[in-house]
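This report is meant to be read alongside the sequence and the coordinates. It takes up one helix, then a surface patch, then aromatic contacts and backbone angles.

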Amino acid sequence: MATFLYRLGRWAFLRRRLTTLLWVALLATAGVLAAKAPAAPDDGFAMPGTEAQQAFDLMDARFPGSTAEGASARLVFVAPSGQKITAATHQQAVERTVAELAHGEQVTGAVSPFQAGTVSKDGSTAYATIGYDAKPGSLSTAATDALQQAAQHGRDAGLTVEIGGSALMGGGEAGGTSEAIGMAISAVVLVITFGSLAAAGLPLLTALVGVGLGIAAITALGSTLGLSTTTSTLAMMLGLAVGIDYAVFIVSRYRAELLEGYEPKEAAGRAVGTAGSAVVFAGLTVVIALAGLSVVGIPILAKMGMAAAGTVVIAVVIALTLVPALLGFLGDRVLPRRARRAARRGRVGRLRAVADGTTAGSPVAPAAAEAERQPANGGTRWARLVLRRPVAVLLTGVVGLGVLALPALDLRLGLPGAESQPTSTTQRRAYDHLSEGFGPGFNGPLTLLVDAKGAADPKGAADRVGKEVAGLPGVVSVSPPVFNAAGDTALINAVPSTGPSAAETQQLVHDIRAGAAGLKSATGATVLVSGATAMNIDVSQKLSDALVPYLAVVVGLAVLLLLVVFRSVLVPLKAALGFLLSVAAALGAVVAVFQWGWLAELIGVEQTGPVMSVMPIFMIGVVFGLAMDYEVFLVTRIREAYVHGEEPGQSVVTGFRHNARVVTAAAFIMISVFAGFIGMAEPMVKMMGLGLAAAVAFDAFVVRMAIIPAALALLGRRAWWLPRRLDRILPDIDVEGARLQTREPEPEPARHFVGV
């Protein structure tokens, strides 16, 4: 593989104009196709295999036109302190506000609270439900504007009016500001790392090209493959992350090869042949982690994973072709000025050595020898410190992360709703007013679907179900059954005494479902529990059940891949165990902040509650890919030194001398990108930002930079042990580029293209 990538890198360097034009043409074509593509479909949040989804599907079939999954708004009206909403003037204001919306765009129904009986017992609060024929997040601007204007008219009449429900649910924050801040921080880190504006700008440019091409492709294929606009969220985040990382790895190795005395075209070939091999296998681990989201069983997650995996593949190909092509335009300018002079002296020395017949592609050159005599850099000093105290470093890292992971034992999953929103939002204020006026469970009613097709007395069966549920502990009220036109299916609303995300509400759902079998035996009717609260519970349960299979698939396949890369049994196992430790510590941090409330005020968390149910799956997928990036890039350089004859301890020092600075810079970039999301108002985005930033920090700085070298030092040569039978079976892909060390630089091929 190293030889093939070496030739690819040289070809891209020498044919830099052609290569660059091909990428520009590809980006332009994708952009044109995206602009002409039909509108992407709505996502829908289907959860196949869950009872809540089964009930939603049955509602659509038995209650045609009801739009069970349609958006709805709750206009919450609160009278001034000490007054009643039922006062004549207040009642007129409420009815005018509701009537204003009744015939609006996309509205299917709007009933006054005085007709629907939705007034609190103390008379201070009332609400009107506005139904829409579009799904949440898909309402037109005119519809949402009309809703907000009507609410303002109610406020002008002296009432407190807030808007709850799903009508104002958007596609989430775009994150443009966070991405801009992340790119700015990335640029600063890269300038500090490379000491050259050209070297710092190249990874940012190629990453943007990769993300642009990936998002354009997703948009162009959206209607064909059913990819919505939200599918591109993960692709954008990860494409930017790995795009910068992979380009940084190639540029860093190119700079090192220049300092070894190689000509720029030869340095580009060797950089792609060595660091490029690490990029290929690091990219494969990311693709495995993202494609593994398909095993979770949630269609939208599977689509997001596959779209992001495609963007990662684009980032890998760009790193192997466009990066060396752009290096062809920059040449020595990726080095600081002082280093350029050293590189030129190194090339002169290498040419003389080749002319004298004293070297045949050996990496030893005057510039390299001079570099060896220079003071050790930070990576060298840190590696030597770890090697002097490997047991202490290993125990400190493992115990420290273990302590941080302890809160994860109390992990409780859920889908936070309006109760987790900041109090500055109208959704949160509406939630609070409804809780005060009608009780906390009013915000999370349960919808019971009674399928009485097989019952002798459908009405009697529905009444029996309502009475049984009303008698359960934790149920405040049960509405009368509402039948469909055929009279064989009924809907019943049950209001719990606790909030939607409370553990008691979850237990109530389980209790109703546990009694469904007995009700079917007694009445012949099937009872299904649905509604937003039940759906959230089912989503959390399904994600919890999928966590172990997902881990087994992703980690298992990645271990097999790393077994081929490193030709070692212990190194892949050590990499996987270290990753699990860092993810557990990051989950512990998330639980401590968002569930327990530690330091919550510091980052603007106003309401503690369950951890978002998709958080562990997303964290594993994203962080596993990035962690394996650092593992492959750092450990392949260590193995490269070991394969070339260095002692195990010295190979660790060599690997850190060359790559620790780059891995540290890449980690800082990712942490800054993810940490930017902590400042957003959306609690789920804030949670993802903290969790991902913490996971990358723990994995890069504790696991990869401390635990891994300490473990390699303790294992010595045993770290690279491979059974003979496996050695014969596994393909030799030469990730370390051993064959490149004994080959002469290839002559420049004849140019067949004018101007290339």
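What should the 26 residues of helix α22 span at 1.5 Å a residue, and how far apart are its end C-alpha atoms? In this predicted model, helix α22 covers residues 570-595 and should span 38 Å, while its end C-alpha atoms are 36 Å apart, which agrees with the expected value. Of the 26 residues of α22, 19 are buried, so the helix is largely enclosed by the rest of the structure. Just after α22, G597 takes a positive phi of about 90 degrees.

On the surface, V391, L395, V399, V403, L406, L409 and L714 make a nonpolar patch of about 680 Å². Helix α16, residues 390-405, gives the most to this patch, with four residues, whereas L406 is placed in the loop between α16 and β5 (413-414). As background, an α-helix has 3.6 residues a turn, so residues three or four places apart point the same way.

The structure holds eight aromatic pairs. In one of them, the rings of F249 and F633 have their centres 3.8 Å apart and their planes at 10 degrees, and because planes under 30 degrees apart count as stacked, this pair is stacked. The pair links distant parts of the chain, with F249 in helix α10 (residues 232-259) and F633 in helix α23 (residues 615-643), 384 residues apart. F249 is buried, with a relative accessible area of 1%, and F633 is buried as well, at 4%.

Ring pairs also link Y127, F438 and F442 into a cluster. The ring of Y127 has a charged partner too, since R74 lies over its face at 5.1 Å from the ring centre. Elsewhere, the charged end of R16 sits over the ring of F13, 5.4 Å from its centre.

Most residues other than glycine have a negative phi. Two residues that depart from this are set out below, each with its phi, its place and its relative accessible area.

| Residue | Phi | Loop | Relative accessible area |
|---|---|---|---|
| Q106 | about 70 degrees | between α4 (88-102) and β2 (107-110) | 21%, partly exposed |
| R567 | near 50 degrees | between α21 (532-566) and α22 | 12%, buried |

R567 thus brings the account back to α22, as its loop runs between α21 and that helix. Buried here means under 20% relative accessible area, so R567 at 12% is buried, while Q106 at 21% is partly exposed.

Key. Residues are numbered from 1 along each chain as its sequence is written. This is a predicted model: local features need pLDDT of at least 70, side-chain atom pairs count only at pLDDT 80 or more; totals for chains, interfaces and linings use all residues. Side-chain values use heavy atoms; hydrogens and water are left out. Helices (H or I, at least four residues) and strands (E, at least two) are DSSP runs, numbered from the N terminus. The expected span of a helix is 1.5 Å times one less than its number of residues. Buried means under 20% relative accessible area, exposed over 50%, partly exposed in between (1.4 Å probe, protein chains only). Patches are made of residues with over 30% relative accessible area and no salt bridge: like charges are joined within 9 Å, nonpolar side chains (Val, Leu, Ile, Met, Phe, Trp, Tyr) within 5 Å. Accessible areas come from the Shrake-Rupley method with a 1.4 Å probe; for residues, only the protein chains shown count as cover. A salt bridge is a side-chain nitrogen of Lys or Arg within 4 Å of a carboxyl oxygen of Asp or Glu. Rings of Phe, Tyr and Trp (its six-membered ring) pair if their centres lie within 6.5 Å; planes under 30 degrees apart count as stacked, over 60 as edge-to-face and the rest as tilted. A charge sits over a ring if NZ of Lys or CZ of Arg is within 6 Å of the ring centre and within 35 degrees of the ring normal.
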